[in-house]
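Here are a few exercises to work through with the model open beside you. Have a go at each one before you read its solution.

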Amino acid sequence: MNWKRAAIASLFAIPVILLFAWGMTKDPKDIPSPLPGREAPTFALDVFAPGQPPLLRNVGDTIRLADMKGEVVVLNFWASWCLACRDEHSTLSEVARSYAGKPVHFYGVLYNDAPVNGTNWIAEMGGQSYPSLNDPKARTAIDYGLYGVPETFFLDRNGRVAYKHTGPVPAAVIARVVDSLMAAPAATPAAPSPAPAGAASQPKAGG
Amino acid sequence: MIGTLARDALLVSLAVIAFGLVIGPVAIARGKREWIPLSYAAIYTNFLLVTIATVSMVVALVTHDFSVAYVAQVGSRATPLLYTVISLWGALEGSILFWGWVLAMYAAAVVWINSKRPGNLVPYAGTALLGVMLFFAILLIGPANPFGVVSPVPADGPGPNPLLQNHILMAIHPPLLYLGYVGMAVPFAFAVGAMLSGEVERDDWIRITRRWTLASWAFLSAAIIAGMWWSYEVLGWGGYWAWDPVENASFIPWLTATAFLHSAMVQERRQMLRLWNLNLVVGTFVLTILGTFLTRSGIISSVHAFTTGTIGYFFLGFIAVVLISALVMVAGVSDRLKTVGHFDSPASRETVFLLNNLFLTAFCFTVLVGTLFPLVAEAFRGVKVSVGEPFFNKMTLPMMVALLFLMGVGPALPWKSASPDEVKHKLLPPVIGAVLFAAVGLLMGIRNVYGVLAFACTGYAVVANLREFYIGSAARRSAHGEGWFTALTRLIAGNRRRYGGYVSHIGVFFVALGIAASSSLRTEREATLEPGQSVVLAGRTARLKSVWGREEPQRSVIGVTLEIMNGDVVSGKVEPRMNFYPMSQQPVPTPDVKSYAAGDLYANLQAFQPQGKNATVKLIWEPLVPWIWFGGGIVVLGAIVGIWPNRRRSAA
């Protein structure tokens, strides 16, 4: 065994490994979404799952983005066939309930699924605190450039997309983003809303 | 329930591998030969346990046991049985399980076939394979555990990725790829065995290794061709190769393995290129691990990449261990690898093999650089770039043409050295083939330089290779008075390795002509047709008969029927469709292909009116594309001829 040669040769591995290690910190799919900072696509969707008091809405009510001016909106796209949606279900439900009475709305948006599957799923998962909307033909999902489910959009008080989260969203992220959006002043048209901390490091998509 | 059984089997297999990994080297170090079978027993037991886990997964998939996380992720009650079974490799965790199973199978086969061989080569090779299996066992217990428990149990799942349940080739391409890719671990294990046992100074290990490499190479070749075919039949753009990072990942080790299959002959015959061959074997395996890392870590974006969690870091660790230990071992033994023979003359087969190796490794390096460049660019310049087809085509076309030419020169030249007369007799006649093929290419309408050169070099090589069959058979005819057919079959049977190689060459020529013609002469037309209207492309008329729709359990389908007209007679039809899967918002285009000897009529449905009033179709004339698939089959056939065990050499 020629150890001197062996040691020299092994040095060649190091830059390659360092390059890969660095590459692992990057998400190749993280092509920055053009949406954050832009005006959120409008929607008018019907409630198919009512949620629970105090966030209850009647089935069949039409929810319009335009009606929620000045308040923060959290849109969570989900489906009954999505495994990762199960992971985030209880978190979202609890966090949404804890914000009841504050100027923030939580809505689920059913993606490529039948409302009856959605209702069954909610029942099976032990209920959902906030209402869910039906999105026929995935029109709204397309407007929002949905990559997959679950995906969660946070709209600021001026109706702009502030942050998009791909994959199951942790409670801490919701709280941080929603709190900072509620604290930000409403209606300052020219100034782009600053992306909240955490917006830069989107976790990789799950499920 | 079945998930628990499988998980227990995997846990036990981890322990069994760890035991085997320790007992083998200890037995060798202490000189206790009688302990070595214990390490082999570990390999067999591991195969049994991973088989239990894999079969359990298939059962869970087929019985729609959605309590198993992987089934809940890829299963669906509406998916047809075949696609349910093959979703075993449709997503990350299942593919790692299947991978581990193929590896365990190879390891068991290696021990089964070679355990009687004296010396420490096989015990060390077994230990190396156990080392690789340890890594996959850890993945299956930890970050890629497919048997996680889902609670509450979902009633149904999303089904496999629509692209993966749209064509039968998905049942063929991935297993072939795994067999080829994972199989390269065996030559590597023998290389490690040779280095650790000291046998690396002799050439016998190369003989064993070459056989295993040839088998894996045959699987990998078939897999690459099947992957091209799948992409062609499914993706709807009418192409078969896009230099996608993951296509490259399968192609890069294929190039080094091909180089090794040729240069190994030089070592066997002339005791040369020993260190080079060791590097090729080790390098091929490292490149397969690199390819796995690229496809499974999420480091590079690609149509093939799976969504991932922490598994990338495990792969990073593994690739670091493999790369450093391989470099240390090879560099450590390098000064013991003395070359005995030397190159006698530039006009010899070994010189051509050397050139072939230089081109193949340069090819490999080019593709590797192109694949990794986006990563390097982002690291050093902070910009996202993509390296597109123009780079790869520009860089690799000259090398492809040169390799085709060498495929004609190599078989014609003898070992050691050829006299000037011999060179003239052997190398001049194939020029007729070059002229002939170039003329055919020009007549077909090829006008680009590389297209014509590819035809010319292929023509040269076709004549040179066929001539070898002819000369050999003619010699047998005059020596034994055999008929042409008997002479030819006995010629091949008498030297399977050599003539198997030439058969594979002929397969490559079909592939080369297919690629050269289809990339130079492809024509396409897009037309919006009402029923009864027709469109003409490359002398063929297609008439829209109807726009139709139907519901299938797992999807809805919109399709059109186009009749191919021969005058007023319907001579065939194509039915391109769009499949709508519930979990995918985009329709999955499903082209249809009508094949002729001269090429394919490729039809893709672009758009349709909801009432079926009209439809927009894209028709592509793809000259000689069927030749690529046919040639791929011949390549594999040649490899099978080469691997087939010699029963009794004929008296000649």
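**Exercise 1.** In which sense do β6(B) and strand β7 (residues 588-590) of chain B pair, and over how many bridges?

Solution. Keep in mind that this is a predicted model. Start with the pair itself: β6(B) and β7(B) run antiparallel, with 3 bridges between them. Next, pick out a rung of that ladder: Arg577(B) has Thr590(B) in β7(B) as its bridge partner. Now look for another neighbour of β6(B), which covers residues 577-580. Strand β4 (residues 555-566) of chain B is joined to β6(B) by 4 bridges, again antiparallel. Here Ile558(B) sits opposite Met578(B) of β6(B).

**Exercise 2.** Work out how compact chain B is for its length.

Solution. First take stock of the parts: chain B has 20 helices and 10 strands. Its radius of gyration is 27 Å, and the globule rule gives 26 Å for 652 residues, so chain B is as compact as a globular protein of that length. Then check the inside: 51% of the 652 residues are buried. Finally, turn to contacts with a separation of 6 or more: 71% of them in chain B link residues 24 or more positions apart.

**Exercise 3.** Which helix of chain B gives the largest share of the side that touches chain A?

Solution. Count the contact first: 34 residues of chain B meet 32 residues of chain A. Helices α3 (69-74), α12 (311-333) and α13 (349-381) of chain B each supply at least two residues of that side. The largest share, 12 residues, belongs to α12(B). Sorted by class, this side of chain B has 20 nonpolar, 11 polar and 3 charged residues.

Definitions and conventions: Residues numbered from 1 in each chain as written. Chains lettered and ligands numbered in written order. Predicted model: local features only at pLDDT ≥ 70, side-chain atom pairs only at ≥ 80, totals over all residues. Rg over C-alpha atoms; globule rule 2.2 N^0.38 Å. Buried ≥ 20, exposed ≤ 12 C-beta atoms within 10 Å, placed from the backbone. Contact = placed C-beta atoms within 7 Å. Nonpolar A, V, L, I, M, F, W, Y, C, P; charged D, E, K, R; others polar. Pairing = 2+ DSSP bridges.
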